Structure formats: structure tokens, C-alpha cells
Amino acid sequence: MQLGAFACVLAALPYETFELERHLVPKELALYLTAFGATLFALAPAARLAPGARDLLLVGFLGWSAASTALAANLWLALPAFGVSLAGALLFWTARQVTRAGFGRALRTALAAAVVLAAATALLQAYGVESSLFAERRSPGGTFGNRNFMAHLVAIGLPLVLLVATEARGRGRWLGAVAVMLLAAALVLSRTRAAWLAVGVTVAILAVETLGVARLHRVDPPWRKRARGLALAALAGVAAALLLPNDLDWRSDSPYLESLVGVANYREGSGRGRLIQYGNTLGMVRADPILGVGPGNWAVAYPRFTTPGDPAFDPDDVIPTNPWPSSDWVALLAERGAIATLLLLAFGGSLTLAAWRRWRDGPRKTESLGDLALGATSLATLLVGAFDAVLLLPAPTLFAWTIAGSLAADLPDPPVRTIPLDAERRRLLRRGLTLTGACLATYAALRWGAMAVFTSAGSVRVAARATWLDPGSYRMRMLLARNHLARGDCRQARVHAEAASGLFPNHPAPKQILRRCRRPG
């Protein structure tokens, strides 16, 4: 799990044709290998399963999502999207077991270091380091290819970094201060308003609880000294980001002030676009409120619900929409239905309330700060997910679920039922997990290979072989169709346009090619 955290941060590919896919697919592969591999190791000594009420909520969410997946129009999108959710749940349960076994601090330290590494890759790009693994658009995203994705992860990981930094001893205190400074600088340079909002709210709550409620600055002088040092480090990071020259090409003369002022602007720009997109997506929810359109299938169905002037839909673009709506919770409602969404929110809410209640009812000392960090992590995940896709993506999924599992390891959740694991049951469970993980990881690896084949192909015929590896790639099908059309080869253009239309039947671009290549008679 420690190795997987670093692998998920660093995994990226240099194939510029594939924009987001070249960052998401390798991170998805790292997520699958980490989640299923760690779970198989954790199951080896297990003598029983003892799920509590919260576990059953999570199982219910996965079961409902699986039913939605089975009925999705585009299974090539639905299966990986469900796989990301399943991997997140496995990481939650496994991190809980790892922590109970006494390795929680080591796991949390590695996770915090990986979050800092994510911020560091963005800072390297911001200050002029060039790499084929970085994307020029939406910089500074570092190895995430998108500054928003990087900032979301930093916002989710910040409470854990603060916890690890306050628990550090010796040289670890200086490393903690440097880590907080790097995170603050990366957040400022990202200009990601959802992350700014999440960090502002969570830091305010942490300050109120530690200073106003627990008064740790009075009862624990060493903690007060460490907290003051971290606050100064954060301010230094903000000042450095604002004052040091960087290579970011912002169009505005006051880009950071403009982003800050626009946090709550819903009358114009991206805020107005989100409201239009949410309203149209609610039409999708009303059409299928029970199971939704299937995980990952929002983009397949959205063109049927768009309205004139919708900035989330461009009929002249080959790919007219984003892969997801600008909100985890809107996406879950549309793709998996109201029941699945309520089950996941109930799980997260019960986890957060249990942690907060124990913090308030307990001694409220530095030893209990893990409960406060768990609540802050859950809140940050909820807030960034309200304005962008977060838990739909592999990297934040790995970190949010693993952090939550580790911090929730000793939260009370009495078993609803105890299921003994004899040798036969354990073998069946391990085989099922192995088969599921192997299928998901294999498809991610094949998509990786397809991008490599397509990018390095010296001819259109060789490039077409990439679709054998990834039959679900709409992008490759449309690139091939347009290439054949430009050559006047309507027969091959039709083949790929029909395949693309089968994947996204509501997208206009494949239909336009088919109309131009209509068979005589």
C-alpha cells in the first residue's frame, strides 16, 4: 500500500494524443494492483469476517453499483468506473486491518509523503521543469495532467499531512514544516477554487476544534509550538507562490485574486456552466432514478438532456462533453441512482459523525487528533467532490479511502454478523478477488498498450490494431475514421464511425461521418 501510493502519484504516460487518458489509465492500473494485491495479502491470515453497520452500507453501495453496471449501455466505461469504487472500498477495509495490526503510523506517513510528492511534481512544472509526463494544458498538474486533479488530492491529504507533521519528532518536524509549505504553494498556484474552499473550511474547523474547543495551545505547549511552526510554514508557502516568478502563463493580471473572488460566482463563467450542467443532469436522474445510466456512462447519455446554450456540450467537437459532470454527487445520482448515492453518503456521514462524537466526548488531547483528521478528510472529500469529479478518479480514490480506513481503525462499529472463514471459503474469496482484480488490471494494461501502439504506429493500418487491444476507445475510433475520410476511404471510415457510434450513440460526430459516407441507394 505504501508503494502503491507513490506509484499512483507518479504513474503517467507520454502519449499526448490521449490527453487525460495518459494520466488516468496508468494510475488506474496502480490503484487496482494496490487494492487487490493488498487485500489478498490481508486475507491470508483472516479467520473470520465481522462486518459492522457501516460496512454493510458500503457493501450495499457496491452491490447497487454492480447492478447499475450490468445494465449500462457502454460496459467498456462502466466496468472500470465500478472497479475504481470497488478498489476504494477494498483499500478502506485493508487499511483498517493494517492499522489494527500495528502498522498504521508507517502507512499514514507514506501516504502523507506521497501527497507531498504530488504537490512537488506540480511545483516542478510551475517553475520550469519540462517532462513528457506533464501536460501543457491545465498546468501545473504535474504527473496528474490537470491542476484541478492535483489540487483535489492535496486538499484531501492536507489533514493527514498536518496530523503526521504534528506527531513528528526530531528532524521529522522540519520535514513536516517543509511539507506544509510545499502543499500551500501548490494549492495557491493551482487556482483550483474547489480545493481552496475545501482547505479553507477544513482548516477553519481544525482551528476551532483545537484552539477554541480543546484549547490545546494552553494545555499542551509542545503542540502549540509545532502548530505555530506549521502555520508559519503555510504562510511562507503562500508568499512564495505569490512572489516568486514562475512559468505559468495566466491571462489575467491578477489571476489568484480573480480566482478567489470567483469562488462563489454562479452567475457567469464556470459557476454558471456548472448550474446548467447540474440542471440538465437532473433530467437524466428523473429519467432513471433507481439504477441510473450506469457507472461512467454520464457522457454517453448527456447529449440527450443538453439544452441550447449549454457550455458543457459542444456539438462541433468530436468529444462534445467531459467524461464526467463537475460533481461526484451529481455523477453518482445520474449514473447509479438515488439509493446508491444515499448509501455512500450514509456511510461517509456515519464515519464522520462517529469520529467527531468521539473527539468531542473524549479527552480532546493530541492523542485524539486522528479522529479530528478523519472528520476533516471526509469533509474535504465531500466539498471537492461537490464541485468536481474526485472519487470517480483513481488517485484521490486511493488516498481518500486508505486514509479513512487507517484513521477509522479503532472507531466502534459492532459486528452485525460474524462469518467464519474456513479454508474453502477463504479459497473461494481469494479466487474471486484474484479473478476480478486480474480482469480490471488486464484491461487497464491493454488500454496502456493500445495507446503505445497507436502513438508509435507508422501507418493507419498499424494504428488500427490498437483497437484490438482497446475496443472501447471512442477517441481512437474517431481519429481513424477521420483519417480514412480525409483519404477518401469511406469504407474504412464507416467501419470506425459505426464502432464509435456504438460506443457513444448520442454523439453527433460519428453520425456526421456516416452521413458523408452514406452508401449509394
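Are glutamate 28 and arginine 447 buried or exposed? Both residues are buried in this predicted model. Their side chains meet in a salt bridge, with 2.8 Å from N to O. Glutamate 28 belongs to helix α2, whereas arginine 447 belongs to helix α16 (residues 423-456), so the pair ties together parts that are 419 residues apart in sequence.

Side chains of opposite charge can pair when their charged atoms come close. Across the whole structure, a search finds eleven salt bridges. One of them joins glutamate 19 to arginine 475, and the closest N and O atoms are 3.9 Å apart. Glutamate 19 sits in the loop between α1 (2-10) and α2 (21-43). Arginine 475 sits in helix α19 (residues 474-486). This pair therefore ties together parts that are 456 residues apart in sequence. The two partners can be described by their accessibility. Glutamate 19 has a relative accessibility of 40% and counts as partly exposed. Arginine 475, at 15%, counts as buried because the limit for that class is under 20%. Glu19 and Arg475 also belong to a network of salt bridges, in which they are linked with Glu21 and Arg137.

Another salt bridge lies within helix α16. Here arginine 427 pairs with glutamate 424, and the closest N and O atoms are 2.2 Å apart. The two residues are three apart in the helix, so about one helical turn separates them. Arginine 427 is partly exposed, with a relative accessible area of 36%. Glutamate 424 is partly exposed too, at 39% relative accessibility.

Aromatic rings were examined next. The search of the whole structure finds eight aromatic pairs. Among them is the pair of tryptophan 76 and tyrosine 443. The ring centres are 5.5 Å apart, and the planes meet at 45 degrees. This arrangement counts as tilted, because the angle falls between the limits of 30 and 60 degrees. Tryptophan 76 lies in helix α4 (residues 75-126) and tyrosine 443 in helix α16. The pair therefore ties together parts that are 367 residues apart in sequence. Tryptophan 76 is partly exposed, with a relative accessible area of 38%. Tyrosine 443 is buried, with a value of 14%. Elsewhere, ring pairs link Phe92, Phe347 and Trp401 into a cluster.

The surface patches complete the description. Arg169, Arg173, Arg224, Lys225 and Arg228 form a positive surface patch. Helix α9 (residues 221-243) supplies the largest share of this patch, three residues. Arginine 228 lies in helix α9. The relative accessible area of arginine 228 is 47%, and the residue is partly exposed.

A nonpolar surface patch is made by Val238, Leu242 and Leu243. The area of this patch is about 290 Å². Leucine 242 lies in helix α9. Leucine 242 is partly exposed, with a relative accessible area of 47%. Helix α9 thus holds arginine 228 of the positive patch and leucine 242 of the nonpolar patch.

Terms used:
Residues numbered from 1 in each chain as written. Predicted model: local features only at pLDDT ≥ 70, side-chain atom pairs only at ≥ 80, totals over all residues. Heavy atoms only, no water. Patch = residues over 30% accessible without salt bridge, like charges linked within 9 Å, V, L, I, M, F, W, Y side chains within 5 Å. Areas by Shrake-Rupley, 256 points an atom, 1.4 Å probe, with all protein chains shown as cover. Salt bridge = Lys/Arg side-chain N within 4 Å of Asp/Glu carboxyl O. Lys, Arg positive; Asp, Glu negative; His and termini not counted. Charge placed at Lys NZ, Arg CZ, Asp CG, Glu CD. Helix = DSSP H or I, 4+ residues; strand = E, 2+ residues; numbered from the N terminus. Buried < 20%, exposed > 50% of the residue type's maximum accessible area, 1.4 Å probe, protein only. Phe/Tyr/Trp six-rings, centres within 6.5 Å; stacked < 30°, edge-to-face > 60°.
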